[in-house]
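Please work through the exercises below with the sequence and the model side by side. Try each task before reading its solution.

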Amino acid sequence: VTDAFGNVYVTATSWIAPSQLLMFAAESGGLVTLAEYAGRLETLRHRDDRIYVSCADGIFYFPLLTVEAALNDTTIHAAPGKTIVLAVEAIGGVGEKHYQWYRVTAQKTTEPVGGDMSHFSMTASLEDNGSSFYCEVSDDVFVVQSPMFEIVVQAPVPVGQGMVLMGALALLSLAGTRALGRKLPAS
């Protein structure tokens, strides 16, 4: 069977050695042994981000690496000087997981940021408005990209300007009330 990344999975059975679940990696062309079994491995299926394999002891599955945003929304709103935290959740995979965060620049190039962690935090600035970030999660076999996080940074309205705006709205409201209270001239 093949997965969404183009990797090919096969079972290999020998009379003198344990059966193996093998994966031919699409990107590297390498061969990876995912599992061994003393008996015979049989039918393979790919469904729900898992590779299923049957044998005399039953049906077992191998979860493929998937990455999801750990936040409710991938658009993050913040004021300058406030801390922004981006987070992902990696599920399944083979071996130890590693995380690399990237910032997408205005020139559409990527630059690595942050450490080997499932979250990335930064202090928001006005220059960050419109920036994009994503995380690549890798294990012994796969490299999977997270959803893109979009940053929206808006400067708060200064208190003085807010008071002037509220005063102007009050005057307009009062002027409208007076205009409605006047009678039209008789013809």
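The exercises go from the whole chain to a small sheet, its hairpin, single residues and the core.

The model is predicted, so that local features need a pLDDT of at least 70 and side-chain atom pairs count only at pLDDT 80 or more, while totals for chains, interfaces and linings use all residues. Residues are numbered from 1 along each chain as its sequence is written, and side-chain values use heavy atoms, with hydrogens and water left out.

**Exercise 1. The whole chain**

Task: Find how many helices and strands the protein chain has, and where its confidence is lowest and highest.

Solution: Begin with the elements, which are DSSP runs numbered from the N terminus (helices are H or I with at least four residues, strands are E with at least two). The protein chain has one helix and 15 strands. Next take pLDDT, the predictor's confidence in each residue on a scale from 0 to 100: the chain averages 85, and 83% of the residues score at least 70. Confidence is lowest in helix α1 (residues 159–181), with a mean of 60, and highest in strand β10 (residues 98–104), with 96. Where pLDDT is low, the predicted coordinates should not be read in detail. Finally, consider burial, where buried means under 20% relative accessible area, exposed over 50%, and partly exposed in between (1.4 Å probe, protein chains only); of the 187 residues of the protein chain, 30% count as buried.

**Exercise 2. A sheet of three strands**

Task: Work out the order of the strands in the open three-stranded sheet and identify which of them are edge strands.

Solution: Two strands are taken to pair if DSSP finds at least two bridges between them. By this rule the open sheet has the order β4-β5-β6, with antiparallel pairing. Its edge strands are β4 (41–47) and β6 (58–63), each of which pairs on one side only. Neighbouring strands of this sheet are turned by 25 degrees against each other on average, direction ignored; the axes behind this value are lines fitted to C-alpha atoms (for helices over the stretch in contact), and angles run from 0 to 180 degrees between N-to-C directions. Now follow the bridges: β4 and β5 are paired over five of them, with L41 having C55 in β5 as its bridge partner. Strand β5 (residues 50–55) is joined to β6 by six bridges, and S54 has I59 in β6 as its partner.

**Exercise 3. The turn of the hairpin**

Task: Look at the loop between β4 and β5, and decide whether D48 is buried or exposed.

Solution: The hairpin of β4 and β5 has two residues between the strands. D48, which is found in this loop, has a positive phi of about 55 degrees although it is not a glycine. D48 counts as exposed because its relative accessible area is 58%. D49 lies in the loop between β4 and β5 as well, and it too has a positive phi of about 55 degrees without being a glycine. D49 is partly exposed, with a relative accessible area of 44%.

**Exercise 4. Two buried polar residues**

Task: For S19 and D128, state where each one lies and what surrounds it.

Solution: S19 belongs to strand β2 (residues 19–24) and is buried, because its relative accessible area is 1%. Its side chain makes a polar contact of 3.2 Å with that of T13 (a pair of N or O atoms within 3.5 Å; within protein, one must be able to donate a hydrogen and the other to accept it, and residues adjacent in sequence count only if both atoms are side-chain atoms). Contact in general means heavy atoms within 4.5 Å; beyond four places in sequence, the contacts of S19 include A35, Y37 and L41. D128, in the loop between β12 (119–123) and β13 (132–138), is buried at a relative accessible area of 7%. Outside its neighbours within four places, D128 is in contact with R103, M122, T123, I151 and V153.

**Exercise 5. The core**

Task: Find which residues have the most contacts inside the largest nonpolar core.

Solution: A nonpolar core is a set of buried Ala, Val, Leu, Ile, Met, Phe, Trp, Tyr and Cys residues joined through side-chain atoms within 4.5 Å. The largest has 37 residues, and those with the most contacts inside it are L86 and F142. Strand β9 (residues 83–91) gives the largest share of this core, four residues. Not counting residues up to four places away in sequence, L86 touches several others, including W101, F120, F133 and F149.
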